[in-house]
Amino acid sequence: MKFDIITIFPDYFGAVFDYGIVRRARAAGLVEIGAHDLRRWTSDKHKIVDDRPFGGGDGMILKPEPLFSAVEGLTGAGEAKELAGTRKRVVLLSPQGRVFEQRLAAELATCEQVVLICGRYEGVDERVAELLATDEVSVGDYVLSGGEPAAAVVVDAVVRLIPGALGSETSAVNESFAEGLLDFPHYTRPPEFRGRRVPEVLLGGNHAEIARWRRRAALLKTRRNRPDLFARAALTEEERARLEEEANGC
Ligand code: 9D3
């Protein structure tokens with residue numbers, strides 16, 4: 001599959017995709033990642049990509065024309081509707097997007113081409129979200145300086161889901177988020193560090209008991225750190241009842 005990132009800072013991506021699983025997937029020919037300078041699709045002498053907002057206000061807005069030309073040049077399609085029924089997506093990274101999550105990562109991993117549009121300045125002309133992008137995506141509720149770090153996050157999360165990218169030993173299917181729970185806590189040597197002991201059950205070889213401890217620890221950690229995930233988690237009635245009992249001091 002191919003990623004095409006449209007940005008005014010192509011050099012930002014100089015080394016982020018040169019490490020770990022993403023590097024290996026590129027080397028194996030499973031994925032190709034290109035970062036393209038938006039100014040390549042301007043036609044004026046000064047390569048202008050932005051303009052002042054209609055209605056007034058601070059900051060500059062990315063103009064639609066270079067973005068539409070870039071996507072048309074990279075995908076062959078000038079509007080999102082032409083991509084319906086294909087395995088190509090055009091993702092606008094924006095603070096106004098729906099929040100990126102594992103489900104969308106898995107969907108993008110089935111595509112032949114994903115174009116990522118990085119915003120900068122105060123924003124992007126809304127016609128890009130309306131007509132050009134198939135998806136408008138945020139990576140979370142905090143303010144970034146631009147879409148570039150968000151694009152790197154999306155590429156990383158998607159590449160590891162491409163069949164073959166993780167290698168034979170690990171499967172993305174049984175990763176924690178797929179289940180809607182956080183991972184259980186992990187420990188290695190030494191068995192005691194700064195007064196904190198590794199839970200005794202993990203030091204013995206009772207695998208059924210270890211599996212029960214891990215499931216329970218994952219549930220407790222998810223309830224504490226991510227009540228939003230916990231509320232939607234696929235727990236058995238017995239698991240919910242047992243945690244409930246303990247909350248009531250039984
Ligand atoms: C003044 C209002 N701001 C909107 C919340 C302006 C603004 C802030 C940050 C406009 C653009 C940006 C740059 N951020 C992104 O392009 C971005 C982003 C983010 O800031 N947070 C989470 N996900 C993303 S994806 C792209």
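Colleague: Which word fits E239, buried or exposed?
Modeller: E239 has a relative accessibility of 16%. This is a predicted model, numbered from 1 along each chain as its sequence is written; local features need pLDDT of at least 70, side-chain atom pairs count only at pLDDT 80 or more, and totals for chains, interfaces and linings use all residues. Buried means under 20% relative accessible area, exposed over 50%, and partly exposed in between (1.4 Å probe, protein chains only). At 16%, E239 therefore counts as buried.

Colleague: Where is E239, and which residues does E239 touch?
Modeller: E239 sits in helix 10, residues 237-247. Helices (H or I, at least four residues) and strands (E, at least two) are DSSP runs, numbered from the N terminus. Side-chain values use heavy atoms, with hydrogens and water left out. Counting contact as heavy atoms within 4.5 Å, and leaving out residues up to four places away in sequence, E239 touches R215 and L219.

Colleague: Which residue lies over the face of F230?
Modeller: A charge sits over a ring if NZ of Lys or CZ of Arg is within 6 Å of the ring centre and within 35 degrees of the ring normal. At F230, the distance from the ring centre is 5.8 Å. The residue over that face is R240.

Colleague: How many aromatic pairs are there?
Modeller: Rings of Phe, Tyr and Trp (its six-membered ring) pair if their centres lie within 6.5 Å; planes under 30 degrees apart count as stacked, over 60 as edge-to-face and the rest as tilted. By that rule, the count is two.

Colleague: What are the angles in the pairs of F13 with Y12 and with F17?
Modeller: Y12 and F13 are edge-to-face, 5.1 Å centre to centre, with 75° between the planes. The centres of F13 and F17 are 5.9 Å apart, and that pair is stacked because the planes are at 10°. The angles are 75° for Y12 with F13 and 10° for F13 with F17.

Colleague: Which residue of the cluster Y12, F13 and F17 is partly exposed?
Modeller: Ring pairs link these three into a cluster. F13 is buried at 7% relative accessible area, and F17 is buried at 6%. At 38%, the partly exposed residue is Y12.

Colleague: Which element gives the most to the largest nonpolar core?
Modeller: A nonpolar core is a set of buried Ala, Val, Leu, Ile, Met, Phe, Trp, Tyr and Cys residues joined through side-chain atoms within 4.5 Å. The largest has 32 residues, and F3, I5, L93, F100, L108 and L116 have the most contacts inside it. Elements giving two or more residues include strand 1 (2-7), strand 5 (88-99) and strand 6 (113-118). With eight residues, the top contributor is helix 5.

Colleague: Which residue of strand 6 stands opposite I5?
Modeller: Two strands pair if DSSP finds at least two bridges between them. Strand 1 and strand 6 run parallel, joined by five bridges. I5 also touches F13 and F17, among others. Its opposite in strand 6 is L116.

Colleague: Why is strand 6 called largely enclosed, and how many of its residues are buried?
Modeller: One side holds Q113, V115 and I117, the other V114, L116 and C118, and all are buried. Strand 5 also pairs with strand 6 in the parallel sense, over six bridges. Strand 6 is largely enclosed by the rest of the structure because the buried count is six of six.

Colleague: In the open sheet of three strands, which are the edge strands?
Modeller: The sheet has the order 3-4-7, with mixed pairing. Strand 4 (residues 61-62) runs parallel to strand 7, joined by two bridges. Each edge strand pairs on one side only: strand 3 (50-51) and strand 7 (123-124).

Colleague: What is the distance between the end C-alpha atoms of helix 2?
Modeller: The expected span of a helix is 1.5 Å times one less than its number of residues. Helix 2 (residues 64-75) has twelve residues, so it should span 16 Å. The distance between the end C-alpha atoms agrees, at 16 Å.

Colleague: Which residue takes a positive phi just after helix 2?
Modeller: The buried residues of helix 2 include L74 and T75. Just after the helix, phi is about 90°. That residue is G76.
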